[in-house]
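Please open the structure in your viewer and keep the selection tool at hand. The tour below proceeds from one selection to the next.

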Amino acid sequence: MSTPEEQPELFGREAEEERIRRLVADARKGRSGVLVIRGEAGAGKTALLDRATEYEPTLRVLRTRCVQSEATFAFGALTDILRPVVALADQLPAGQRNALRVSLAVDEAVRPPGGVAVGLGTLGVLAEAAPALVVVDDLQWMDAGSRSALLFAARRLVGEGVAVLVAVRHGDQGGDLADLPTLELGGLPAEAARALVARVRGEPPDDDEFALLLRYSAGHPLALVELSRRPAGVPHGHDRPPPPPDTVADAYRQRLAPLDPAVRRALLLCAASFTGELAELAEVLGPAGLDALSTAEAAGLVTTADGIEFAHPLIRSTVYHAATPRERRAAHAAIARALRSARGRLWDRHVWHLAAAAFGPDDDVADALADLAARSLARGAMREAYAVYLRAAQLTSAPREREQRRYRAAEAAHLAGDTDAATAAIDRIDTDAAGVELRAAVAQLNTQIQFTRAKPADIFTTVSGAAAAAPEQAATPLWVTAAGVGAVAGLVPEALAAAERALAAQPAQSHDIGPAVLYAHTSLLTGHHERARDVVSGYLATLTETDPLQHGIEVFGFATMDLMWLGEYGSARDVLRTTLTRLRRADAMERLPSLLSVLADLEARCGAWNAAYGTGAECRSLADAVGQPLLAGYAASTMALVDAAQGDESRCAQNVRDALDLLEPLGAELVIPYAHLALGRIELAAGRPERAVDRLTNLANRLDRLGVRDPVVFPYHADLVESLFRTGNVDRAGKCLDDLVRRSGHEPVPAARVAIARCRGLLADDEAEAERHFVVAMEEELATGDEYAAARTRLLFGERLRRARRRGRAQEQLAAARLVFERLGAHPWERRAAGELRVGGTTPGSAGTPLTNQEVRVARRAAEGLSNREIAATLFLSVKTVEYHLSNCYHKLGVRSRVELVRAFSTAVEHR
């Protein structure tokens with residue numbers, strides 16, 4: 001089976017995404033479901049499938065994409081889906097196990113397995129693999145045996161926690177899909193289509209261009225993307241249209257072959273024109289060419305009512321690529337001559353036609369292309385600028401100018417997130433011909449590309465050496481990068497020294513905020529937050545006014561992180577959102593993960609868990625796509641911290657593993673501690689304070705070795721004090737509080753003030769003093785919107801009040817804390833608050849609900865004495881679904897065993 005091809009980013013599919021998200025979320029909660037996504041090729045089915053795999057990281061993904069050439073391979077697709085979990089078949093009843101193993105060619109057949117047995121075996125394995133997401137692309141080409149077994153199982157999944165998501169083309173009208181929930185994908189609505197074009201192009205299209213794009217594509221997402229991916233905002237761009245898929249090209253070539261050469265030439269001129277505008281083509285085609293187009297129109301290949309439009313964009317691509325290179329150059333040259341007196345965007349088209357017609361170096365055309373590339377950059381069209389600069393370099397004869405344009409191409413590709421293209425462009429640069437300053441710039445760009453991919457310590461050594469050897473005017477950005485990678489590597493003193501050198505090397509008239517940002521950042525790490533606050537206040541006002549693309553990838557990420565550490569949450573959020581919007585509009589994909597990772601951290605610190613988790617997931621997905629494991633690991637750590645707060649041990653452990661798998665090979669010593677902080681917090685949440693003490697103490701020692709002194713960077717003190725208090729180590733808890741106070745300085749930042757107040761309330765000898773400190777902590781926590789932190793403080797306060805026999809006040813604080821924990825899904829903390837309330841005599845009740853039809857069928861057979869496996873075989877269910885229904889029966893009927901179920905069942909049925 002093949003892997004999914006690249007799909008366009010999703011636009012205008014919010015309702016579809018929400019439906020799929022619910023399906024996947026239900027699987028995590030133990031509820032199964034199936035959904036068929038139906039649409040044309042390129043409508044976005046695969047993109048939706050890809051997105052579905054990102055919604056719930058804890059789900060096991062079992063995936064296949066069927067291909068037409070393998071449609072005759074019996075059970076080939078089912079083998080692909082179940083291969084990772086086939087060992088689970090050993091847990092099935094013998095008949096199902098044997099049938100499945102034979103169908104998957106694990107065992108030799110004594111006799112052909114029955115379809116029901118294979119279907120039940122598939123159902124059983126999927127149930128054992130839960131929670132899981134089964135993803136099937138191009139179902140229309142799945143072999144019949146696999147399709148039958150998979151759909152048999154899909155219809156019978158209920159309580160296992162398995163989501164089945166299949167995509168199929170419109171042409172597949174199989175009756176076996178008729179009763180399954182279906183999601184139809186049509187063309188995008190105009191508003192979403194415009195947004196997609198703007199996203200691809202880096203700027204909104206004008207009305208005339210957009211109308212043309214919409215007519216060409218009929219709102220088809222992939223067609224819109226392909227038609228918009230070129231400079232100057234016209235269909236298929238100015239260089240050449242992309243080659244169509246072979247199968248489609250063959251079909252169109254068969255339609256083109258019988259046409260007269262004059263008709264094919266006229267079609268080639270239309271295909272080469274990019275726009276199909278009659279005003280552009282009339283002079284080139286002449287009367288004979290226009291007459292020839294009438295033949296093509298009669299053949300259903302083009303229409304000529306409002307300009308010349310191909311019946312499908314792929315026809316245009318086929319016409320273009322079926323011509324010889326010489327024929328294509330001649331067509332472009334003819335159109336360029338017709339546009340030689342044009343202005344504005346028509347002049348841009350003239351330039352592109354000249355470039356497409358060029359054969360060998362042509363400095364006049366190269367200069368015109370470089371001017372066009374600069375204007376593309378100014379519009380934020382990075383991908384277009386990359387292509388234009390690269391073509392300009394190809395046509396440039398002067399060596400130094402040629403290498404400068406290659407560098408500009410690499411820079412634009414890097415900003416667009418296409419690091420492979422950026423690296424390839426850099427590799428083409430002849431450093432001997434580049435000159436000293438350009439070599440320094442190339443070294444800086446290379447460092448930027450490697451910043452979030454390679455080992456920070458290695459990069460620090462390389463870039464520090466380059467900075468020391470660079471001319472004074474080129475040294476500052478290199479020292480800034482050195483400070484950033486040094487900090488990430490855990491070389492905190494060395495990073496501070498690099499930041500100081502960046503400041504010293506900065507020209508007096510420079511307005512670059514990079515050196516100040518890194519100086520503030522490394523000062524914070526070393527515990528000088530007062531100094532950092534003064535530095536940050538000097539550049540805070542300029543952050544939202546400064547073009548983020550004029551700085552290294554680390555500058556805005558560290559600047560917003562500094563604001564977050566200093567407690568300037570509102571300012572940090574404003575800068576992050578403003579900058580993210582600007583980067584998205586500029587299509588600077590490479591830059592997004594660095595800011596998304598900080599935004600996720602910020603939201604988590606403010607108690608906005610859903611936002612933090614969603615942003616973290618987006619960051620991980622994008623960081624994976626552009627090859628930034630450092631930032632994917634940072635985001636995974638933040639998600640683990642949210643899991644820890646909610647007490648989700650399995651998901652926390654998985655996110656921690658993901659984070660460490662990404663970060664440890666890199667040696668990202670200053671990011672790894674976030675994962676260890678999550679491990680300490682989950683132990684505390686789970687009621688294991690001794691293990692929390694061990695985890696958090698090890699974390700403290702690790703940070704001391706790195707030279708990290710400020711307590712807000714990795715806020716572990718309050719959790720360690722609480723853990724020590726709960727284990728009876730009050731003296732050591734007091735010393736930990738003293739350490740927190742000492743590190744926080746004379747003017748603690750808000751997070752430190754809250755931590756100090758909560759710890760003082762916990763350890764205070766006097767009840768009035770304890771209350772005063774708890775109230776201060778709660779007020780500051782609520783001021784930042786962090787209801788979870790305030791509930792943690794309320795819980796500690798309520799526990800203290802209860803111990804002091806102030807039951808009424810205690811119940812008030814504990815009940816308020818419990819409500820917040822329950823709403824946030826912080827289950828261990830909710831249970832702890834509920835336990836304290838029970839001591840005071842407050843216990844909520846619950847009412848039963850009637851049994852469903854399926855629950856009645858399952859309960860009846862259980863009351864008859866059948867085992868769970870026997871019930872599953874009788875009702876064509878999985879064992880897990882039987883267990884799911886029985887669990888519901890026990891809860892609704894208020895019974896705890898099958899004996900009690902037998903007695904209660906008749907009563908339950910009577911009340912239906």
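Begin by selecting R156 and F152: R156 lies over the face of F152, at 3.8 Å from the ring centre. Please bear in mind that this is a predicted model. Select next R21 and Y55, where R21 is placed over the face of the Y55 ring, 4.2 Å from the ring centre.

**Aromatic pairs**

The structure holds 6 aromatic pairs. To see one of them, select F774 and F797, whose rings form a tilted pair with 5.3 Å from centre to centre and 35° between the planes. This pair links distant parts of the chain, since F774 belongs to helix α38 (residues 767–783) and F797 to helix α39 (residues 787–803), 23 residues apart. Are these two rings buried or exposed? F774 counts as buried because its relative accessibility is 0%, and F797 is buried with a relative accessible area of 2%.

Proceed to F821 and W829, which form a tilted aromatic pair, 6.3 Å centre to centre with 35° between the planes. Both F821 and W829 are buried. Add W609 and Y788 to the selection: ring pairs link W609, Y788, F821 and W829 into a cluster.

**A serine in a helix**

Select S594, which is found in helix α29 (residues 592–605). S594 counts as buried, because its relative accessibility is 9%. Its side chain reaches the backbone oxygen of R591 at 2.9 Å.

**Salt bridges**

Side chains of opposite charge can pair when their charged atoms come close. How many salt bridges does a search of the whole structure find? The search finds 47.

Select R31 and D26 for one example: their closest N and O atoms are 2.8 Å apart in a salt bridge. R31 is partly exposed at 35% relative accessible area, and D26 is partly exposed at 26%.

Move to D658 and R620, whose side chains meet in a salt bridge of 2.9 Å, N to O. D658 lies in helix α32 (residues 649–663) and R620 in helix α30 (residues 609–626), so the pair links distant parts of the chain, 38 residues apart. Both D658 and R620 are buried.

Then select D704 and R743, a salt bridge with its closest N and O atoms 2.8 Å apart. Here helix α34 (residues 689–706) holds D704 and helix α36 (residues 730–744) holds R743, with their positions 39 residues apart in the chain. D704 is partly exposed at 32% relative accessible area, whereas R743 counts as buried at 17% relative accessibility.

Finally, select R681, D719, E722, R792, E799 and R832, which are joined into one network by salt bridges that share partners.

Definitions and conventions. Residues numbered from 1 in each chain as written. Predicted model: local features only at pLDDT ≥ 70, side-chain atom pairs only at ≥ 80, totals over all residues. Heavy atoms only, no water. Phe/Tyr/Trp six-rings, centres within 6.5 Å; stacked < 30°, edge-to-face > 60°. Helix = DSSP H or I, 4+ residues; strand = E, 2+ residues; numbered from the N terminus. Buried < 20%, exposed > 50% of the residue type's maximum accessible area, 1.4 Å probe, protein only. Lys NZ or Arg CZ within 6 Å of the ring centre and 35° of its normal. Polar contact = N/O pair within 3.5 Å; in protein donor to acceptor, adjacent residues only side chain to side chain. Salt bridge = Lys/Arg side-chain N within 4 Å of Asp/Glu carboxyl O.
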